[in-house]
Amino acid sequence: MALSRPLTPIEEKTATFESPLFLSADRIIDISVELRPDMPVYAQDLPVRFDDTMNMDRGDWVNLTTLHLNTHVGTHFDALHHVLNNGQMMGDYPLTRFIGPARVIDVGQDVYEIGPAHLKPHDIEGVKRLLVKTKASSFWQSHPTTFRQDFPAFTQAGAQYLADAGIELIGIDYLSVELYDVPELPAHKAFMNAGITILEGINLSHVKPGDYTLVALPLKLDALDGTPGRAVLLQ
Ligand SMILES: [Zn+2]
């Protein structure tokens, strides 16, 4: 029997938009990474490829490029379906999740396994969208073409701590919320069992800890396990 898509969205898609804060913002901070053919991709994922389908230098009447991307490239969202076969697809997440107040915290340059001890010193009470800055933000500049396996990410306990704190969206500055090569994906599962939306592959190197408005919209690839997106902070 084929598995069907889950029938219950995480919350009503038509929920009231919660913050008009961005209307008074005077700065847009781009925290997305650029999609380009030589960019780092996770482990054995296929590299990004741009095919020059039509090219005016070759006499074509327009320039037109065909993209070859996997769903978890660069700045992207994970749907529960990524790690659970009958879990939510991208389109099951309400758009309200992706726009609204967010807090950026910095766990420091020395942290590799992000656990409760690294999170507790930060005030996250009432925070729905939490973006965690680590030393990995600098990898986008220091290693612009190579995937690094030593990126900081959450332990199961760290993820569970944030789930228990009630956050709804977690952002991390490299290509996974999970430490490299950890079997069974315990951090993904701790977040996703709590219905938390995962935003990976942001660059926070130019962002100070503090409060912002996050606008980070997934491409409308509703029936997939994830999708790249564009993420900005309004200040
Ligand atoms: Zn992912």
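The legends below accompany close-up views of a predicted model.

**Figure 1. Overview of the predicted chain and of the confidence assigned to it.** The chain has 235 residues, of which 38% count as buried, and its secondary structure comes to four helices and twelve strands. Among contacts between residues at least 6 apart in sequence, 75% join residues at least 24 apart. The mean pLDDT of the chain is 91, with 90% of the residues reaching 70 or more. Over residues 1-9, however, pLDDT stays under 50, and for this stretch the model has nine contacts beyond four places in sequence. Where pLDDT is low, the predicted coordinates should not be read in detail.

**Figure 2. Strand β10 and the two strands that pair with it.** Strand β10 spans residues 197-200 and is covered on both faces, since Thr197 and Leu199 on one side are buried, as are Ile198 and Glu200 on the other. Strand β4 (residues 76-78) pairs with β10 in the antiparallel sense over three bridges, and in this pairing Asp78 stands opposite Ile198. Strand β9 (residues 169-172) pairs with β10 in the parallel sense, again over three bridges, and here the bridge partner of Ile170 is Ile198. The path from β9 through helix α4 (residues 186-193) to β10 makes a right-handed β-α-β unit.

**Figure 3. The largest nonpolar core, with the surroundings of Ile170.** This core has 49 residues, and those with the most contacts inside it are Ala153, Ile170, Val177, Phe191 and Leu199. Helix α4 gives the most to the core, with four residues. In soluble globular proteins, nonpolar side chains tend to be buried together. When neighbours within four places in sequence are left aside, Ile170 is in contact with Leu130, Leu162, Val177, Phe191, Ile196, Ile198 and Leu199.

**Figure 4. Helix α3 and the elements against which its buried residues pack.** Helix α3 covers residues 156-165, and its buried residues are Gly158, Ala159, Gln160, Tyr161 and Leu162. These buried residues pack against the strands β6 (113-114), β7 (129-133), β8 (153-154) and β9, and also against the helices α1 (116-119) and α4. The helix is followed by Gly166, whose phi is positive, near 90 degrees.

**Figure 5. The environment of Phe154 in strand β8.** Phe154 counts as buried because 29 other C-beta atoms lie within 10 Å, where 20 or more are needed for that class. Apart from residues up to four places away in sequence, Phe154 touches Ile114, Ala159, Val177 and Ala187; of these, Ala159 is one of the buried residues of helix α3, and Val177 is among the residues with the most contacts inside the largest nonpolar core. The C-alpha atoms of Phe154 and Tyr112 are separated by 8.4 Å, although the two residues are 42 residues apart along the chain.

**Figure 6. Gly91 in the loop between β4 and β5.** The loop that holds Gly91 runs between β4 and β5 (99-106), and β4 is also a pairing partner of β10. Gly91 is partly exposed, because 17 other C-beta atoms lie within 10 Å, a count between the limits of 12 or fewer for exposed residues and 20 or more for buried ones. Leaving aside neighbours within four places in sequence, Gly91 is in contact with Asp222 and Ala223. Gly226 is 135 residues apart from Gly91 along the chain, and the C-alpha atoms of the two are separated by 9.5 Å.

Terms used:
Residues are numbered from 1 along each chain as its sequence is written. This is a predicted model: local features need pLDDT of at least 70, side-chain atom pairs count only at pLDDT 80 or more; totals for chains, interfaces and linings use all residues. pLDDT is the predictor's confidence in each residue, from 0 to 100. Two residues are in contact if their C-beta atoms, placed from the backbone, lie within 7 Å. Two strands pair if DSSP finds at least two bridges between them. A crossover is right-handed if, with the strands pointing away from the viewer, the path from the first strand over the helix to the second runs clockwise. A nonpolar core is a set of buried Ala, Val, Leu, Ile, Met, Phe, Trp, Tyr and Cys residues joined through C-beta atoms within 7 Å.
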